[in-house]
Amino acid sequence: MKRTNLELTVGVFVLLGMACLAYLAINLGKMEVYGEGYQIFAIFDNVSGLKTGATVEIAGVDVGQVNSIQLTPMYQARVGLKLHQGVKVHDDAIASVRTKGIIGDKFVKLSPGSSEKLIPVGGKIFNTESGIDL
């Protein structure tokens, strides 16, 4: 009887530990469990050092993340930007690859623009500024 209680107690603690690890992995790893938001694309000449998972910022505020980087047939970089649902980007927006600090991580800075027309879901930003390689 004591052995069964001990095994049950150990099993409960193991399950609680696994639940805590899953919670930490999702929150600390900045994983998105829910697919909220929408995706647009930006075409760059050079995205050296930019990685998937990098942040997308407007005025220093995190508004999304980079979720794909691909090479186009014209040998340009096509960067997928997953933005939060409430963020509106106009078709004259400018996307630029920037560095946080002197040797920090790369991120995409968006200047949202002021045009009347918005970029639709799956649309493209053509006004881009590539990152500076030092």
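The following legends describe close-up views of a predicted model.

**View 1. Strand order in the open, mixed sheet of 8 strands.** The strands are arranged in the order β7-β1-β4-β3-β2-β6-β5-β8, and their pairing is mixed. The edges are occupied by β7 (124–125) and β8, each of which has a single partner strand, so one side of each is left without a neighbour in the sheet. Strands of a sheet pair through backbone hydrogen bonds, in either a parallel or an antiparallel sense.

**View 2. Strand β4 and its pairing with β1 and β3.** The β1 and β4 strands are antiparallel and pair over 7 bridges; within this pairing, Tyr38 has Leu83 of β4 as its bridge partner. Strands β3 and β4 likewise run antiparallel and are joined by 7 bridges, where Gln65 has Lys82 of β4 as its bridge partner. The hairpin of β3 and β4 has 5 residues between the strands, and Tyr75 in this hairpin adopts a positive phi near 60 degrees. Because 5 of the 7 residues of β4 are buried, this strand is largely enclosed by the rest of the structure.

**View 3. The largest nonpolar core, with 24 residues.** Leu81, Leu83, Val89 and Leu110 are the residues that touch the most other members of this core. At least two core residues come from each of β1 (38–44), β2, β3 (61–71), β4 (77–83), β5 and β6. When neighbours within four places in sequence are left aside, the contacts of Leu81 include Tyr38, Ile40 and Ala42, together with Val56, Val66, Val108 and Leu110. Gln39, Gln65 and Asn67 are also among the contacts of Leu81.

**View 4. Surroundings of Ser68 in strand β3.** Ser68 counts as buried because its relative accessibility is 17%, below the 20% limit for that class. Apart from neighbours within four places in sequence, Ser68 is in contact with Gln39, Phe41 and Thr52, and also with Arg78, Val79 and Gly80.

**View 5. The salt bridge between Lys100 and Glu57.** A search of the whole structure finds 2 salt bridges. In the pair shown here, the closest N and O atoms of Lys100 and Glu57 are 3.2 Å apart. Lys100 lies in the loop between β5 (94–99) and β6 (106–111), whereas Glu57 belongs to strand β2 (residues 55–58), so the pair ties together parts that are 43 residues apart in sequence. Lys100 is partly exposed, at 38% relative accessibility, while Glu57 is buried, at 12%. Side chains of opposite charge can pair when their charged atoms come close.

**View 6. Strands β5 and β8 and the salt bridge between Arg98 and Glu129.** The side chains of Arg98 and Glu129 meet in a salt bridge with an N to O distance of 3.7 Å. This pair links distant parts of the chain, with Arg98 in strand β5 and Glu129 in strand β8 (residues 128–129), 31 residues apart. Arg98 is partly exposed, with a relative accessible area of 34%; Glu129 is also partly exposed, at 38%. The strands β5 and β8 run parallel and are joined by 2 bridges, with Ala95 opposite Thr128 of β8.

**View 7. A nonpolar surface patch that includes Leu15.** Leu6, Val10, Val14, Leu15 and Met18 make this patch of about 500 Å². Leu15 is located in helix α1 (residues 2–28). With a relative accessibility of 58%, Leu15 counts as exposed.

Notes. Residues are numbered from 1 along each chain as its sequence is written. This is a predicted model: local features need pLDDT of at least 70, side-chain atom pairs count only at pLDDT 80 or more; totals for chains, interfaces and linings use all residues. Side-chain values use heavy atoms; hydrogens and water are left out. Patches are made of residues with over 30% relative accessible area and no salt bridge: like charges are joined within 9 Å, nonpolar side chains (Val, Leu, Ile, Met, Phe, Trp, Tyr) within 5 Å. Accessible areas come from the Shrake-Rupley method with a 1.4 Å probe; for residues, only the protein chains shown count as cover. A salt bridge is a side-chain nitrogen of Lys or Arg within 4 Å of a carboxyl oxygen of Asp or Glu. Helices (H or I, at least four residues) and strands (E, at least two) are DSSP runs, numbered from the N terminus. Buried means under 20% relative accessible area, exposed over 50%, partly exposed in between (1.4 Å probe, protein chains only). Two strands pair if DSSP finds at least two bridges between them. A nonpolar core is a set of buried Ala, Val, Leu, Ile, Met, Phe, Trp, Tyr and Cys residues joined through side-chain atoms within 4.5 Å. Contact means heavy atoms within 4.5 Å.
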